[in-house]
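These notes record what I looked up in the structure. My interest was in enclosed and open spaces and in how some helices pack.

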Amino acid sequence: MVNKKILFLIILVITIFLRHNELIASDQSLADSSAIIESSVINHSEEHSLPSAFMVIPFVTLLLMIATGPLFYHHFWEKHYSKVAIVLGIITVSYYLFVLDNTQTVLHTLDEYISFIALLGSLFVASGGILIKIDRKSTPLLNSVLLLFGSVIANIIGTTGASMLLIRPFLKVNQDRIKAYHIVFFIFVVSNIGGALTPIGDPPLFLGFLKGVEFFWVIEHIWYIWLPTILAVIIIFYFIDSRNKPEVKSEKDYSGKIEFKGYSSVVFLAVIIISVFIDPAVIDWIPSFDPFPIGIREIIMFAVIFLSYKIANPEILSANEFDFEPIKEVAYLFIGIFATMMPALQLIAHEASVNGQALTPGIFYWATGILSAFLDNAPTYLNFLSAEMGKFNLDVNIPQQVLQFQMDYPIYLSSISVAAVFFGAMTYIGNGPNFMVKSISERAGIKMPSFFGFLFKYAVPILLPIFTIVWLVFYFGKA
């Protein structure tokens, strides 16, 4: 069944390329590789007709089914979620290809999706070959330290890498007192907010780096927002965790040792991080495979998926209870999300461009944040970066002007950078690692909250007040 689905996707990709070649034959010029790979949806909306607002329906339908499926029709959803995501995605893609005659946006989205799944997949498999054993008693302090450590390394190996590396040892440390809130706060801190300090940390920041934002600009202008936010969330976790007493007191003696195995997989993690920068927009001599939506970076990452799994110690994989189900779920759901969100992103980009002059840093903060919780935060960030720069008659596609923007209007760049990363923690679909952490935890026997349970029981009462304070302190009334 899976092979048939993969074959179907390959046929769909070939169809897209055929349509693309027809456009070339009809004298529609092809943009250069960096423009295709990184140009925002705003530029696409200028070249093509805007989609009908009714075409947001497939995206809304998919979100509602992701939210309600596991809760109200669990067996149907578990068996057919991949088909639902693909069918809804095909509806939107067909509309773009055959109604709007817009292949460029589809190719751009396909490129983003392949890069997304290559990065998540390679980090998922490589980290599965690393075993971390912490032979210490679970305490609120130990858990808080682990969350803080995860938030720091998320800026070195990305939120996905940090999440996949630490979620299994985090689960095992707390196996005698594990509750859903442990995983929720792990998603808050390690899978999202932690990665706000470097372009490696989260995809939107990396896209900003590709556009011309200096690598160390982020940590220089975000650290004093990141640190109190991280500490506030961890302090709340500490007090909640302090009230959680194990039902049965463990008589086990702990050695206090921390064991680390799987050094070959660490090498693969390093290869993945280095390959992130193998991009024509970063290094001039890197060749582009345009119009194919894949580059040397993605080829390396897919190779890592194969090699790291083959080389990994079977005992480590077994100890980690490793299987491909979590990344499979993410791959299917997000191909639907990437496809169906195209109309929503284009319409939002158009409105942001038209009304950019009236938008303040505070408005950009909330707009970027709210949309990043329900849409992919990378194109959301690019759309609002383009709108912000347009407000000051600057072009997001000219690196020198991006440098001028970051120097002259840092509060605007800061507002969307913080919001795009922080608000990814508000829902399961806000960031790729969220779903993988949820899936791994559920397979470990933990009953996770539903989509709405996560949002209204945890994210809204815990994160929203903190994010509101961030807005009041750093962005409210400022321009």
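**Entry 1: the largest cavity.** I began with the residue classes around the largest cavity: its lining has 22 nonpolar, ten polar and six charged residues. I note at the outset that the model is predicted. The volume of this cavity comes to about 560 Å³. I then asked which residues, of the 38 in the lining, are the closest to the centre of the cavity. They are S115, F116, L119, P203 and F206.

I next looked up where the lining comes from. Helix α6 (103–128) gives the most, with seven residues. Elements that supply at least two residues each are α6, α7, α9 (203–211), α12 (296–311), α14, α17 (377–391) and α20. For the wider inventory, I recorded that the structure holds four cavities of 30 Å³ or more.

**Entry 2: the second largest pocket.** I turned to an open space and found a volume of about 650 Å³ for the second largest pocket. It is lined by 23 residues, and those closest to its centre are P70, H74, E78, K438 and E442. Two or more residues of this lining come from each of α4 (57–72), α5 (74–99), α14 (325–340) and α20.

Which element provides the largest share of the lining of this pocket? I found that α20 does, with five residues. Sorted by class, the pocket lining comprises 13 nonpolar, three polar and seven charged residues. I also noted that α20 is among the helices that supply at least two residues to the lining of the largest cavity.

**Entry 3: α8 against α20.** I followed α20 to a helix partner. Helix α8 (residues 180–189) packs with α20 (residues 432–443) at an angle of about 160°, and the axes lie 10 Å apart. The two helices are therefore roughly antiparallel to each other. I recorded the crossing of α8 past α20 as right-handed.

For the contact itself, I listed I183, F186 and I187 on the α8 side, which meet N434, V437 and S441 of α20. The residues of this contact divide into four nonpolar, two polar and no charged.

**Entry 4: α7 against α10.** I then examined α7 (residues 140–173) and α10 (residues 217–242), whose axes come within 9 Å and cross at roughly 155°. Why do I enter α7 as roughly antiparallel to α10? The reason is the crossing angle, since angles over 145 degrees count as roughly antiparallel. The crossing of this pair is right-handed.

From α7 I listed P140, L141, N143, S144, L147, L148, S151, V152 and N155. Their counterparts in α10 are W226, I230, I234, F237, Y238, D241 and S242. By class, I entered ten nonpolar, five polar and one charged residues for this contact. I closed the entry by noting that α7, too, supplies at least two residues to the lining of the largest cavity.

How values were computed. Residues numbered from 1 in each chain as written. Predicted model: local features only at pLDDT ≥ 70, side-chain atom pairs only at ≥ 80, totals over all residues. Heavy atoms only, no water. Axes fitted to C-alpha atoms, helices over the stretch in contact; angles between N-to-C directions. Helix = DSSP H or I, 4+ residues; strand = E, 2+ residues; numbered from the N terminus. Parallel < 35°, antiparallel > 145°, perpendicular 65-115°, else oblique. Left-handed = near helix turned anticlockwise from the far one by under 90°. Contact = heavy atoms within 4.5 Å. Nonpolar A, V, L, I, M, F, W, Y, C, P; charged D, E, K, R; others polar. 1 Å grid on protein atoms, 1.4 Å probe; cavity = no way out; pocket = protein on both sides within 12 Å on 5 of 7 lines; lining within 4 Å. Points joined across faces, edges and corners; volume = space filled by probe spheres on them.
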